[in-house]
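This report concerns one helix packing and one pocket in a protein model. The sequence and structure are shown first.

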Amino acid sequence: MEYRSAIDRLLSLVDHERTGIPNPRQKRIFDLRRMGAFLDRMGNPHKASKTVHVAGTKGKGSTAALCDAALRAAGYNTGFYSSPHLHSFRERIRVNSQPVSEAEFSGLVEQLWPVQEWIGQHTELGNITLFEFMTGMAFQCFAERQSDFQVIEVGLGGRLDATNVVDPDVCVITPVSRDHTAILGDSIAEIAFEKAGIIKPRKPVVVAPQVPEARKVILETCLERSATPVQVGKDVTWKAGSSSIEGQCLTVTGQSGEYRLRMPLLGKHQLDNAAAAVGALECLMSQGHSISGEAIQRGFESVVWPCRMEVLGRDPLVIADGAHNDDSVNALLDAIASYLDYKRLFLVVGFSRDKSVNDMVGRLAEAGPVVFACRSRHPRSTPPKQIVDLFQGNSVEAFEAGSTADALAQAKQVAGEGDLILVTGSLFVAAEAREYMLGIEPEVYPDLLPPDLR
């Protein structure tokens, strides 16, 4: 099967990432029976590797990437499953920290397509969704590649997420905040309950710093399931070191030792993520797996996780960050104030319409930027005119730019030496900035584009 044909097949499946869930009540039909039947028909490949399972609202991708990089540096064969992708579906399934090839990706689609058809035709469980299918692809790939470890990032929530079929050797729950409220619940406690759904009986759980409402729910779940919590800030602590535009140093004190680390990821929130990753790696060490402090050092230093305060240009300084809720925007603005020196701030900004756009605009407006509003190719992107109106309503100078590339080009025309162009509001906008700045050829799906971008 050709790669493009494989992608076309995938896109024929129901994709809630792009379409959203039109009726919040639809969440009630989600359970893991269909995913379980799919995997059972495949021979249960998800049971073939030791597993690190990572959930949370903020920082789960960075934490998972750090775990994967350290395990790879320790000499293990690793699989890493994450979502969404930036430029290519292949990024979601990594083997030894690298995206699978087009040929391997296509082969997995061809191999598993009859299985998903069988589920739809011979059970009453409904049709396999795109996310479920790709989750199955990842497990199959990691089993065939004989991965020693698989690092699995939750897609949405935790309790009913398609990845929650694994029996993890360690779970990680990164900071919980309000996001996807129509699906996960309106309160922090409700959302934390969904995230805590990945906790398994008698298994260790690394708990990143949480607001009290979330921490209470998570720790109560640990107690109910006799799971051992390892808390960042209590059992694992960190101390910040030097930092520059190239990255930052820190010292993490865990339950098994002290680690002097450097990583290219910027922001105080990344220090919490690094400590959570160390906590997870120490849990694996306590189970008899050989992971040296040197391997953790090498892995963290070499980690690649784009669009998280990523430097895309130097003159003027261009940084892309996929912050997409108000808490993430707060962390981003705190980080640029702490880590960067700049004169004027120019924002290239676009949002998904199902996010807390008003809250994000209000917080970004406080930074006193000049705004170039854009929209990504994602079908759920907000029209730039709406963004301009919101910023102008907050007394901020804002211009309608259209595409992300157009917005960046306009910002670069007016930004001078010492100024900062910050691309944010959506991971999809940040990804398109990478494509424009670094000359990356993306996968474009014309039928899924917003009508005005086709």
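The helix packing is described first, and the pocket follows.

The model is predicted. Two packed helices are described by the angle between their axes and the distance between those axes. Here, helix α1, residues 3-11, packs with helix α5, residues 102-122, at an angle of about 45°, and the axes lie 9 Å apart. The two helices, α1 and α5, are therefore oblique to each other. Their crossing, that of α1 and α5, is left-handed. On the α1 side the contact is formed by Tyr 3, Ala 6, Ile 7, Arg 9 and Leu 10, while α5 contributes Glu 102, Phe 105, Ser 106, Val 109 and Trp 113.

Attention now turns to the pocket. The second largest pocket encloses about 390 Å³ of space. Its lining comprises 22 residues, and those nearest the centre of the pocket are Arg 94, Ser 97, Gln 98, Pro 99 and Val 304. Helix α4 (60-73) and strand β4 (98-99) each supply at least two residues of this lining. The largest contribution to the lining of the second largest pocket comes from α4, with five residues.

The residue classes of both sites are set out below.

| Site | Nonpolar | Polar | Charged |
|---|---|---|---|
| Contact of α1 with α5 | seven residues | one residue | two residues |
| Lining of the second largest pocket | eleven residues | five residues | six residues |

Terms used. Residues are numbered from 1 along each chain as its sequence is written. This is a predicted model: local features need pLDDT of at least 70, side-chain atom pairs count only at pLDDT 80 or more; totals for chains, interfaces and linings use all residues. Side-chain values use heavy atoms; hydrogens and water are left out. Axes are lines fitted to C-alpha atoms, for helices over the stretch in contact, and angles run from 0 to 180 degrees between N-to-C directions. Helices (H or I, at least four residues) and strands (E, at least two) are DSSP runs, numbered from the N terminus. Angles under 35 degrees count as roughly parallel, over 145 as roughly antiparallel, 65 to 115 as roughly perpendicular and the rest as oblique. A crossing is left-handed if the near helix is turned anticlockwise from the far one by less than a right angle, and right-handed if clockwise. Contact means heavy atoms within 4.5 Å. Ala, Val, Leu, Ile, Met, Phe, Trp, Tyr, Cys and Pro count as nonpolar, Asp, Glu, Lys and Arg as charged, and the others, Gly among them, as polar. On a 1 Å grid over the protein atoms alone, a cavity is a set of points where a 1.4 Å probe fits but cannot get out, and a pocket is an open set with protein on both sides within 12 Å along at least five of seven lines; lining residues have an atom within 4 Å of a point. Grid points are joined across faces, edges and corners, and a volume is the space filled by probe spheres set on the points.
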